[in-house]
Amino acid sequence: MKLLMIGAALAVGSLESVAASKLMNFATSFTCTQERVKELCVGCDTIEYPQETIRSGPVEGDFCVIATSAEDEKALNNMGCSSPLYEEVSQPFAEVSNSMNGVVKGKLGQGQLGYTPPAELHAIFEGLAADFPDVAQLIDVTETYKTPATVEGNHLYVLKISDNVAEDEDEPNVLVISNHHAREMITPEIAVTLAQRLVQGFVEGDEYLSNMVSNNQIYVAYTWNPDGLNHVWNADNNWRKNRSFNSNGSRGVDLNRNYPFGWDFTCSGSTTQTSQTYKGTSPGSEAETQTAMAFIKDRNINKYLDFHSSGRDVRYLYAACATMPEPLFSYYQDVAGIISSEMDYVVRDSCCTGGAIANAYFDTGAMSYLSETGTSFQPPAAAMREEVERVLPGAYKFIDFAMPVSGKVVDADTGAPIFADITLPGIHFLYGEEKTTFPSTGSFSLFLPPGDFTVSIVARDTPGTYEPRNFTVAASEDGTTVELALSRA
Ligand SMILES: [Zn+2]
């Protein structure tokens, strides 16, 4: 834990040389210049910046890096980075968390001080659904979409929070996922607390929160890596990946490198099976990834927020090896600033491709962000609770953010909804990013900076029935609502 406590956490490359020993990982902290870290950290997940997070760490202006293998340690030494050596012993997080603070059970408004074990996290979601059936519904996503269970037989769940929750209403679909990476233990706590506060806010009539719940269909997942989360609790508190069996006998794929978009770009995950960022045998090879994609595609997710730790930042699309065209790139950056300022966090670009948020954007055009929360994977319980409170205003801002354009594509004569492809001819997308209306309602939203944009609409479900048409829409900060009507050919 020593290194994690000073707030530096970064997996650099592989664990190959120590893979056989699950109980002891090398974790060596280095002080490097910014340039050297950038050279080194292609494919890495987290870079900690000293001015924000490493007060007790390296000298001003330098970065602190942790190497997790002897190989990386050597590489860093060769680059002239200085290296105080630590050894880190993994242990069940249940033991770590006991030493931090007792676990306190709770549903609504009962103070939860310590970390919440996986079964209790699930029980909180079940309790919310049971106690507030009009506003909270537990969905077994694996069962719904008939995707494979995880290798350890677990299903993935979201808690749907909305007024008239049993109905599928014509409202923006907002997804908040935590814990793609198992050891990032603050993130399930953020998710369950967010769910509790939204439900509580609705029930108690808090204007800000109840409007959010009334006007959106919000889906919250406290973990997208249940096998890994169990492993962290019961065996190894430093476990990051899922628990898939690799061909060389090692375990685990990095779920946030397994998504198809950018899976083989130059800043994608590692091909080394023992690496902390191993991207899997093929794009979307993992059950967890497949289940997320099925859900996101079916719900045509409008907004997607993915919680990780650590770094106290909000990250935007794409990573450096992929090109998000202007003016979208700048807009993503600007809005990251709006969300991060609610948390007193900083803005950073994405580290890598093959991750969840870029894939969600690719598949649905969703407003997608990732937040690296806190300054370590497993802060002491009191610090963790403080951080949850620090993060929630950013989550609210994200959920409440007015989409600059939203509306429907309809039949000009009957007003019937049309399932249609939406493209933006004035913006030069490089990878075939997709955007459609929601099939049953014709609804869509566009994440665009303020200004006029040409939108091209082509009906999909009945090709040739409707005349394709271009429209000019005016994106605005407060959100412009449009109805785009197609005439029959
Ligand atoms: Zn992560």
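This is a short talk on one helix, one strand crossover and one open sheet in a predicted model.

Let's start with helix H13. It spans residues 356–364. How many of its residues are buried? 9 of the 9. So H13 is largely enclosed by the rest of the structure. The buried set takes in Ala356, Ile357, Ala358, Asn359 and Ala360. Then come Tyr361, Phe362, Asp363 and Thr364. Note the mix: Asn359 and Asp363 are buried, and so are Ile357 and Phe362.

What covers those residues? The cover includes helix H11, at 287–299. It also includes strands S7 (173–178), S9 (303–308), S10 (313–319), S11 (346–350) and S12 (367–372). Just past the helix sits Gly365, with a positive phi of about 75°.

Now to two of those covering strands, S10 and S11. They run parallel, joined by 5 bridges. For a register point, look at Asp313, which stands opposite Val346 in S11. Between S10 and S11, the chain passes through helix H12, residues 328–343. That β-α-β crossover is right-handed.

Last, the open sheet. It has 3 strands, ordered S15-S13-S18, with mixed pairing. Which strands stand at the edges? S15 (443–446) and S18 (480–486). Each has a single partner strand, so one side of each is left without a neighbour in the sheet. From one strand to the next, the twist averages 25°.

Strand S13 covers residues 405–411. It runs antiparallel to S15, and 4 bridges join the two. Here the register point is Lys408, opposite Ser443 in S15.

To recap: H13 is buried at 9 of its 9 residues, the S10 to S11 crossover is right-handed, and the S15-S13-S18 sheet is open and mixed.

Terms used
Residues numbered from 1 in each chain as written. Predicted model: local features only at pLDDT ≥ 70, side-chain atom pairs only at ≥ 80, totals over all residues. Buried ≥ 20, exposed ≤ 12 C-beta atoms within 10 Å, placed from the backbone. Contact = placed C-beta atoms within 7 Å. Pairing = 2+ DSSP bridges. Axes fitted to C-alpha atoms, helices over the stretch in contact; angles between N-to-C directions. Right-handed = clockwise from strand over helix to strand, strands pointing away.
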